[in-house]
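Work through the following exercises with the sequence and the structure side by side. Each task is followed by a solution that proceeds step by step.

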Amino acid sequence: MTVNRASARYEGFGKEGKGSITTKSGVLDKQPYGFGTRFEGVPGTNPEELIAAAHAACFTMALSFGLARAGYAGETLETSAAVTLDQVEGGFEISQSALTLTAKVPGIDADEFARIAKEAEMNCPVSKLLDCEITLEHSLDNQ
């Protein structure tokens, strides 16, 4: 079992408050976040951006392992994730994570690729964690 840790600190409250996020690995070390980074384009990060990064990374790794199990040697997999935060009655909710994948996998046909990609989408740990709609668009570039 693996346990990873991160922490958040918020000074002040509401819109005027300022926060920072730190991860155990040190990749994020007091990275700023707050209302401005979440809603106004101020430099820094926000929870949805971090979820998008985690989902793209997790899905891509799961797909890589699925392709390897099926006997394919790798070239490239590139995934972006767009996480949508919607305002709803009573607050906000993450309503969707839209994955967009471009892949180069020599020797695979489109149907098998789509099947393995769908398995990765459904079974990566971050997909299982998210309680929202998950979509996947993909293109196979084997030219």
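**Exercise 1. Describe the overall make-up of the protein chain in this predicted model, starting from its helices and strands.**

Solution. Begin with the inventory: the protein chain contains four helices and six strands. Next, place these elements in sequence order, which gives the pattern β-β-β-α-α-β-β-α-α-β. Then turn to the extent of the fold, where the C-alpha trace spans about 55 × 35 × 30 Å along its principal axes. Finally, consider burial: the protein chain has 143 residues, of which 31% count as buried.

**Exercise 2. Work out how strands 1, 2 and 3 are arranged in their sheet, and which of them stand at the edges.**

Solution. First establish the order: the three strands make an open sheet in the order 1-2-3, and their pairing is antiparallel. From this the edges follow, because strand 1 (6-11) and strand 3 (31-33) each have a single partner strand, so that one side of each is left without a neighbour in the sheet. As to the twist, neighbouring strands of this sheet are turned by 25 degrees against each other on average, with direction ignored.

Now examine the two pairings in turn. Strand 1 and strand 2 are joined in the antiparallel sense over six bridges, and within this pairing A6 has T23 of strand 2 as its bridge partner. Strand 2 (residues 18-23) is in turn joined to strand 3 by three bridges, again antiparallel, with S20 bridged to P32 in strand 3. As background, strands of a sheet pair through backbone hydrogen bonds, either parallel or antiparallel.

A last step concerns covering: strand 1 is hardly covered, since the count of buried residues among its six residues is zero.

**Exercise 3. Find the residues with a positive phi in the hairpin of strand 1 and strand 2 and in the loop between strand 2 and strand 3.**

Solution. In the hairpin of strand 1 and strand 2, six residues lie between the strands, and among these connections G12 takes a positive phi near 85 degrees. In the loop between strand 2 and strand 3 the residue to find is K30, whose phi is near 55 degrees, a positive value in a residue other than glycine. To classify its surroundings, compare its relative accessibility of 62% with the cut-off: K30 counts as exposed, because exposed means over 50%.

**Exercise 4. Identify the lining of the largest pocket and sort it by residue class.**

Solution. Start with the volume, which is about 200 Å³ for the largest pocket. Its lining consists of T2, N4, R5, A6, T23, K24 and S25, and this list includes both A6 and T23, the bridged pair of strands 1 and 2. Sorted by class, the lining has one nonpolar, four polar and two charged residues.

**Exercise 5. Decide whether T60 and L63 are buried or exposed, and place each residue in its context.**

Solution. Both residues can be located in helix 2: T60 is found in this helix, which covers residues 47-69, and L63 lies there as well. For T60 the relative accessibility is 15%, so T60 counts as buried, the cut-off being under 20%. The side chain of T60 also makes a polar contact of 2.7 Å with the side chain of T79. L63, at 0% relative accessibility, likewise counts as buried. To complete the picture for L63, compare sequence with space: L63 and G107 are 44 residues apart in sequence and 16 Å apart in space, C-alpha to C-alpha.

Conventions:
Residues numbered from 1 in each chain as written. Predicted model: local features only at pLDDT ≥ 70, side-chain atom pairs only at ≥ 80, totals over all residues. Heavy atoms only, no water. Pairing = 2+ DSSP bridges. Helix = DSSP H or I, 4+ residues; strand = E, 2+ residues; numbered from the N terminus. Axes fitted to C-alpha atoms, helices over the stretch in contact; angles between N-to-C directions. 1 Å grid on protein atoms, 1.4 Å probe; cavity = no way out; pocket = protein on both sides within 12 Å on 5 of 7 lines; lining within 4 Å. Points joined across faces, edges and corners; volume = space filled by probe spheres on them. Nonpolar A, V, L, I, M, F, W, Y, C, P; charged D, E, K, R; others polar. Buried < 20%, exposed > 50% of the residue type's maximum accessible area, 1.4 Å probe, protein only. Polar contact = N/O pair within 3.5 Å; in protein donor to acceptor, adjacent residues only side chain to side chain.
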